[in-house]
Amino acid sequence: MCNNDVISELKYVQKQFLCAVPIQRINWKNIFDNFDWKLQEYLISRTVNLTIVLKYPIQISYQKSFLKYLINRLEKNSALRPSDCLYDAFGRVVALRDINPCFKHYFLENEKILSLKENSNFISEGTTGLCSWQASLALSEWCLANTDFFKGKVVLELGSGVGLTGIILALCKAKHIFLTDCHPSVLQVLEENVHLNSELISTETNNIQILKLQWEDIGSNNNLPSVDILIAADVVYDSSLFPFLLNVILHFFKVGTKTFIVACTERNASTLQEFLLLLESNCIRHEELTNCPQHNFLWSTESPIKIFLCTLNRHFAYYPTTVTFNIGIYLQ
Ligand SMILES: C[S@@+](CC[C@H](N)C(=O)[O-])C[C@H]1O[C@@H](n2cnc3c(N)ncnc32)[C@H](O)[C@@H]1O
């Protein structure tokens, strides 16, 4: 293998470490074929010892497991030995205490790093919004592969969570971005994450604004902007919320939104089907988009992730009503 191949394999391991891909799922490529001290130093300096990781730490227990795995693999290999820098890094990390929230870093194809404060648990403080979900990774990849779709547009995201897709929209040169959520801790972290990535954000994005938007309150919330595109990732999981979510979507279509893009993890095919049927019965048609290859982001394909482009069909008319279902009706 030539030096460039070795470096690109090490970079791929680095990318997985930075966004904390579970150790058992890391693809180590062929790095253990000839993992000499120089290459070990290269990897350590770009993972646990990387300046951004020292400043904004990835979950400490994850870092320990990563180093432990490397040391074990090298100790078992009679032709190789762990380097002093590997032991030194392990000694340093082992003395650290885990804190939550910690950080994840997304190493993009353009070699820039997007850093997010995220909780390592899927649910914390009673919300699912404090970590990035797989659907937001797939949707962010789709956005980066389709930047022209967002360039110069006003976009609003529902249920933004820690803000991955929202910040990616700024890389796509959306003109104005509204990130919304309902939970106070999520809104706080969202604000911090936008600030943390301010250098990445395109100068063509005039503004990223964070708004509190609880779907249940849509009727009383009259200060919502009109936007070109509505977007959301992993908001279709609890059917008791569907009527409220539908109301929000219909509200935006009514005030001029042309497109709603939603990425869904299909944990339960019937739940997703129920949501799509609800859209259909309210004059919103959907078209499934093709998922993009994992270039910038890495996500698990254990449960399928489906991205839909939703638009109003021509029969739509909007009648404000107190009934939450079937606000849009067919014109005969
Ligand atoms: C599974 S998380 C997805 C977060 C983010 N979009 C992602 O994919 O990483 C669902 C998000 O929807 C928000 N959410 C849930 N119910 C909501 C409601 N009734 N009104 C507004 N936001 C809600 C949560 O706070 C959370 O941020």
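A helix axis here is a line fitted to the C-alpha atoms over the stretch in contact, and the angle between two axes runs from 0 to 180 degrees between their N-to-C directions. With that in hand, you can start exploring this structure, which is a predicted model. In it, the axes of helix 6 (residues 134-145) and helix 8 (residues 164-171) come within 9 Å and cross at roughly 10°. Angles under 35 degrees count as roughly parallel, so helix 6 is roughly parallel to helix 8.

**Helix 6 and helix 8**

- On the helix 6 side, the contact is made by Ser136, Leu137, Leu139, Ser140, Cys143 and Leu144.
- Helix 8 brings Leu164, Thr165, Ile168, Leu169 and Leu171 to the contact.
- Sorted by character, the residues of this contact between helix 6 and helix 8 are eight nonpolar, three polar and no charged.

**Phe297, a residue to look up next**

- Phe297 sits in the loop between strand 8 (284-289) and strand 9 (305-312).
- With a relative accessible area of 1%, Phe297 is buried, because buried means under 20%.
- Leaving aside residues up to four places away in sequence, Phe297 touches Leu137, Ser140, Glu141, Leu144, Leu164 and Ile168, and also Lys15, Tyr106 and Leu108.
- Try finding Phe297 and Ser140 together: they are 157 residues apart in sequence, yet their C-alpha atoms are 7.8 Å apart in space.

**Helix 2 and helix 5**

- Helix 2 (residues 37-45) packs with helix 5 (residues 84-94) at an angle of about 30°, and their axes are 8 Å apart.
- That angle makes helix 2 roughly parallel to helix 5.
- Trp37, Gln40, Glu41 and Ile44 of helix 2 meet Asp84, Cys85, Leu86 and Ala89 of helix 5.
- The residues of this contact between helix 2 and helix 5 divide into five nonpolar, one polar and two charged.

**An annotated span and a residue in helix 4**

- An unreviewed UniProt entry lists residues 10-92 as "domain: FAM86 N-terminal".
- In the model, residues 10-92 are 59% helix and 0% strand, and the C-alpha atoms at the two ends of the span lie 22 Å apart.
- Ser65 is found in helix 4 (residues 60-76).
- At 33% relative accessibility, Ser65 counts as partly exposed.
- Between Ser65 and Val94 there is a separation of 29 residues in sequence and 9.8 Å in space, C-alpha to C-alpha.

**Thr265 at a strand**

- Thr265 lies in strand 7 (residues 259-265).
- At 10% relative accessibility, Thr265 counts as buried.
- Setting aside residues up to four places away in sequence, Thr265 touches Ala135, Asp234, Ser303, Pro304 and Ile305.

**Cysteines**

- A disulfide is a covalent bond between the sulfur atoms of two cysteines.
- How many disulfides does this model have, counting pairs of cysteine sulfur atoms within 2.5 Å? The count comes to zero.
- Cys172 is in no disulfide, and the nearest cysteine sulfur, in Cys143, is 5.3 Å away.
- Cys172 is buried, with a relative accessible area of 1%.
- Why is Cys310 not bonded to Cys264? The sulfur of Cys310 is 7.9 Å from the sulfur of Cys264, its closest cysteine sulfur, and that is too far for a bond.
- Cys310 is buried too, with a relative accessible area of 0%.

Notes: Residues are numbered from 1 along each chain as its sequence is written. This is a predicted model: local features need pLDDT of at least 70, side-chain atom pairs count only at pLDDT 80 or more; totals for chains, interfaces and linings use all residues. Side-chain values use heavy atoms; hydrogens and water are left out. Helices (H or I, at least four residues) and strands (E, at least two) are DSSP runs, numbered from the N terminus. Angles under 35 degrees count as roughly parallel, over 145 as roughly antiparallel, 65 to 115 as roughly perpendicular and the rest as oblique. Contact means heavy atoms within 4.5 Å. Ala, Val, Leu, Ile, Met, Phe, Trp, Tyr, Cys and Pro count as nonpolar, Asp, Glu, Lys and Arg as charged, and the others, Gly among them, as polar. UniProt positions are given in the numbering used here, feature names are shortened, and annotations may be inferred rather than shown by experiment. A disulfide is a pair of cysteine sulfur atoms within 2.5 Å. Buried means under 20% relative accessible area, exposed over 50%, partly exposed in between (1.4 Å probe, protein chains only).
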